[in-house]
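Subject: Handing over a structure, with notes on what was found in it

Hello,

I am passing on the structure below, and I would be glad if you read my notes with it open beside you. They go slowly, from a pair of packed helices to the strands and then to the chain as a whole.

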Amino acid sequence: MKSYILYFFLICFMSCHRTEKPVNLIFDTDMAPDYDDVGALALLHALADSGEVNILATISSNKCATAVPCIDVINTYFGRPDIPIGAVRGEAADRTTWHSGLRWTDELPMKYPHRILTTADSEDALKLYRRALAQQSDQSVTIVTVGFFSNLQNLLLSEPDEISPLSGKELIKKKVKQLVSMAGSFPKGREFNIYVDVKASQFVIREWPTPILFSGFEIGSQIFTGKKLMESGIRNNPIVDTYTIVYHKIIQMVEIVGIRQLLWLRFVEHLNTLMWKMERLSFMMMEVIHGKRIRMVNMTVLFSKCPKNNKLLKLKI
């Protein structure tokens, strides 16, 4: 769960060297696979309310049908329904939220006002990027991406058009101060925003002409948000609704995992009693939960020495 968005934005705006003028910012999000982007956009609006940010555009790198409607819901809720919204075109990811059943990505557009009914109805992200950049002063725009790099690859590859005589790379070099990206895991590791569109990620990191500030998964992976918000008593709020829906889904998952762990512990206890003197036992077992066969697993049970010559039973798949 990528729930380190508050720390990410703290880094982002510290890096922008706050001045009297607000930061001109384009927000690029994969809104839908996980709920942290909802918190990110809410925080962005709070920064705009305090005069620290001027939101030029909100853009989706995700083709999911409800991604843009959810962005539109949040912009509208915070009193900025006219912020331009675009979405990626062409070959790109289409990812919905990770859980089944009641989905915040469906509930928000059904419950709250918005004008764009589906992601496909929004403006082409490339056109929006080029127009937003062309209208700003040189070296004045910060692009913040908390999603995939697909839009940025398209921007880099774009040719001069009716919006600007500059190529995408020239336009970026002239107008963008820096790119701030919540992506990657350092010094190494697999991270969602990178691997969903690996080719775009590699291309952007290699070809981007201005400084890039990465906020990797390792920085905020232990920071969790939303609990106080859910306990605040606030009603009819899309941010609270999102966190509440996901929270209940996580609780359901924890309960299921808890049942599974209890079954494993009971199995281990009995096995430990029966097989105490054995050094190693390899076998095949059928895992059964609530009378339903789940999967066949090849198990190896190992004994290892512990302090005071005790034996610790370890299950190795």
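When the directions of two helices are compared, angles under 35 degrees count as roughly parallel, over 145 as roughly antiparallel, 65 to 115 as roughly perpendicular and the rest as oblique. Please keep in mind throughout that this is a predicted model.

With that wording in hand, we can begin with helix H3 (residues 67-77) and helix H4 (residues 104-111), whose axes lie 9 Å apart and which pack at an angle of about 50 degrees. H3 and H4 are therefore oblique to each other, and their crossing is left-handed. On the H3 side, the residues that take part are Pro-69, Cys-70 and Val-73, and these meet Trp-104, Thr-105, Leu-108 and Pro-109 in H4. Sorted by class, this contact of H3 with H4 has six nonpolar residues, one polar residue and no charged ones.

A second pair of helices can be described in the same terms, since two packed helices are described by the angle between their axes and the distance between the axes. Helix H5 (residues 125-134) packs with helix H6 (residues 150-157) at an angle of about 65 degrees, and the axes are 9 Å apart. Here the crossing of H5 and H6 is right-handed. H5 contributes Ala-125, Leu-126, Tyr-129, Arg-130 and Leu-133 to the contact, while H6 contributes Asn-151, Leu-152, Asn-154 and Leu-155. The residues in this contact of H5 with H6 comprise six nonpolar, two polar and one charged.

Turning to the strands, it helps to know that in a regular strand the side chains alternate between the two faces of the sheet. Strand E1 (residues 23-29) is mostly covered, with seven of its seven residues buried. Val-23, Leu-25, Phe-27 and Thr-29 lie on one side of E1 and Asn-24, Ile-26 and Asp-28 on the other, and both faces are covered. E1 pairs with strand E2 (residues 53-60) in the parallel sense over seven bridges, and within that pairing Phe-27 has Thr-58 in E2 as its bridge partner.

E1 also pairs in the parallel sense with E5, over five bridges, and in E5 it is Val-141 that stands opposite Asn-24. Five of the five residues of strand E5 (residues 141-145) are buried, so E5 is largely enclosed by the rest of the structure. Val-141, Ile-143 and Thr-145 on one side of E5, and Thr-142 and Val-144 on the other, are all buried. E5 and strand E6 (residues 176-181) likewise pair in the parallel sense over five bridges, and the bridge partner of Val-144 in E6 is Val-180.

What can be said of Asp-30, in the loop between E1 and helix H2 (36-49)? Asp-30 counts as buried, because its relative accessibility is 1%. Its C-alpha atom is separated by 5.0 Å from that of Ser-61, although the two residues are 31 residues apart along the chain.

Finally, for the chain as a whole, there are twelve helices and ten strands, and 46% of the 317 residues count as buried. Among contacts between residues at least 6 apart in sequence, 77% join residues at least 24 apart.

With best wishes

Technical notes
Residues numbered from 1 in each chain as written. Predicted model: local features only at pLDDT ≥ 70, side-chain atom pairs only at ≥ 80, totals over all residues. Heavy atoms only, no water. Axes fitted to C-alpha atoms, helices over the stretch in contact; angles between N-to-C directions. Helix = DSSP H or I, 4+ residues; strand = E, 2+ residues; numbered from the N terminus. Left-handed = near helix turned anticlockwise from the far one by under 90°. Contact = heavy atoms within 4.5 Å. Nonpolar A, V, L, I, M, F, W, Y, C, P; charged D, E, K, R; others polar. Buried < 20%, exposed > 50% of the residue type's maximum accessible area, 1.4 Å probe, protein only. Pairing = 2+ DSSP bridges.
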